[in-house]
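Biologist: I'm new to this one, so could you walk me through it? I'd like to ask about it piece by piece.

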Amino acid sequence: MSTRTFRITVRGVFDGLGADQRAALLADAAEHDVLRAAFTPEGHLSYDIAARSAFTFRFADTGEAEEDILDATERAETAAEAWLTARGYGFKNLRSTAEDLSQAPLGKRQRREAARKYT
């Protein structure tokens, strides 16, 4: 069986932030800019607190079977909640989407390379 790669996106909204918390998020905003976003095993947080209170965590995980994506999604949600809770940030409307990259459609270049590989 081959290893599958999953990308999990956990979205939500900061809730009930105090002035100190908003200031801390603003101070760290550069490292959480959406232009630096990446799917990582530990999760990458991006937000633009100056524009709106929404945030996105991006996680990378793996599994052996298609149904492992459910466990990966649960781990991602738990990690996002733990990160926010540890820092005292309130949040709401947490929701997740997950993608199994082995099921993702190939781009034009990937299809061409795959065709060459098997001919």
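**Talking through the model**

Modeller: Let's start with a lysine: at 39% relative accessibility, Lys92 counts as partly exposed. Keep in mind that this is a predicted model.

Biologist: Okay, which side chain does Lys92 meet in a salt bridge?

Modeller: Lys92 sits in strand 4, and its partner lies in the loop between strand 1 and helix 1 (19-27), so the pair ties together parts that are 77 residues apart in sequence. The partner is partly exposed too, with a relative accessible area of 36%. The N to O distance is 3.9 Å, and the side chain that Lys92 meets is that of Asp15.

Biologist: How many salt bridges does the structure hold?

Modeller: Besides Asp15 with Lys92, there's a bridge between Asp61 and Arg75, at 2.8 Å from N to O. Asp61 lies in strand 3 (residues 54-63) and Arg75 in helix 2, so that pair ties together parts 14 residues apart in sequence. Another is formed by Asp100 and Arg4. The count for the structure is three.

Biologist: Let me stay with Asp100 and Arg4. How many residues apart are they?

Modeller: Their closest N and O atoms are 2.6 Å apart. In the chain, though, they belong to distant parts: Asp100 is in strand 4 (residues 91-100) and Arg4 is in strand 1 (residues 4-14). Along the sequence, the separation is 96 residues.

Biologist: And is Asp100 buried or exposed?

Modeller: The cut-off for buried is under 20% relative accessible area. Arg4 has 17%, so Arg4 counts as buried. Asp100 has 9%, so Asp100 also counts as buried.

Biologist: What about Arg75, the partner of Asp61: what is its relative accessible area?

Modeller: Residues between the buried limit of 20% and the exposed limit of 50% are called partly exposed. Arg75 is partly exposed, because its relative accessible area is 43%.

Biologist: Thr73 caught my eye. Which residues is Thr73 in contact with, leaving aside neighbours within four places in sequence?

Modeller: Thr73 is found in helix 2 (residues 68-86). At 14% relative accessibility, Thr73 counts as buried. Once those sequence neighbours are set aside, the contacts are Ile8, Ser96 and Ala98.

Biologist: Now the nonpolar core. Which element gives the most residues to the largest one?

Modeller: In soluble globular proteins, nonpolar side chains tend to be buried together. Here the largest nonpolar core has 18 residues, with Phe14 and Phe57 having the most contacts inside it. Strand 1, strand 2, strand 3 and helix 2 each give two or more residues to this core. The biggest giver, with five residues, is helix 2.

Biologist: Which residues does Phe57 touch, not counting those up to four places away in sequence?

Modeller: Phe57 is one of the two residues with the most contacts inside the largest core. Beyond its sequence neighbours, Phe57 touches Ile8, Thr9, Val10, His44, Leu45, Ala80, Trp83 and Leu84.

Biologist: Last topic, the largest pocket. Which element supplies the largest share of its lining?

Modeller: The largest pocket has a volume of about 300 Å³. Of its 18 lining residues, the closest to the centre are Ser46, Tyr47, Asp48, Arg52 and Ala54. Strand 1, strand 2 (44-47) and strand 3 each give two or more residues to the lining. The largest share, four residues, comes from strand 3.

Biologist: How many charged residues does that lining have?

Modeller: Sorted by class, the lining of the largest pocket has nine nonpolar and three polar residues. The charged ones number six.

Methods:
Residues are numbered from 1 along each chain as its sequence is written. This is a predicted model: local features need pLDDT of at least 70, side-chain atom pairs count only at pLDDT 80 or more; totals for chains, interfaces and linings use all residues. Side-chain values use heavy atoms; hydrogens and water are left out. Buried means under 20% relative accessible area, exposed over 50%, partly exposed in between (1.4 Å probe, protein chains only). Contact means heavy atoms within 4.5 Å. A salt bridge is a side-chain nitrogen of Lys or Arg within 4 Å of a carboxyl oxygen of Asp or Glu. On a 1 Å grid over the protein atoms alone, a cavity is a set of points where a 1.4 Å probe fits but cannot get out, and a pocket is an open set with protein on both sides within 12 Å along at least five of seven lines; lining residues have an atom within 4 Å of a point. Grid points are joined across faces, edges and corners, and a volume is the space filled by probe spheres set on the points. Ala, Val, Leu, Ile, Met, Phe, Trp, Tyr, Cys and Pro count as nonpolar, Asp, Glu, Lys and Arg as charged, and the others, Gly among them, as polar. A nonpolar core is a set of buried Ala, Val, Leu, Ile, Met, Phe, Trp, Tyr and Cys residues joined through side-chain atoms within 4.5 Å.
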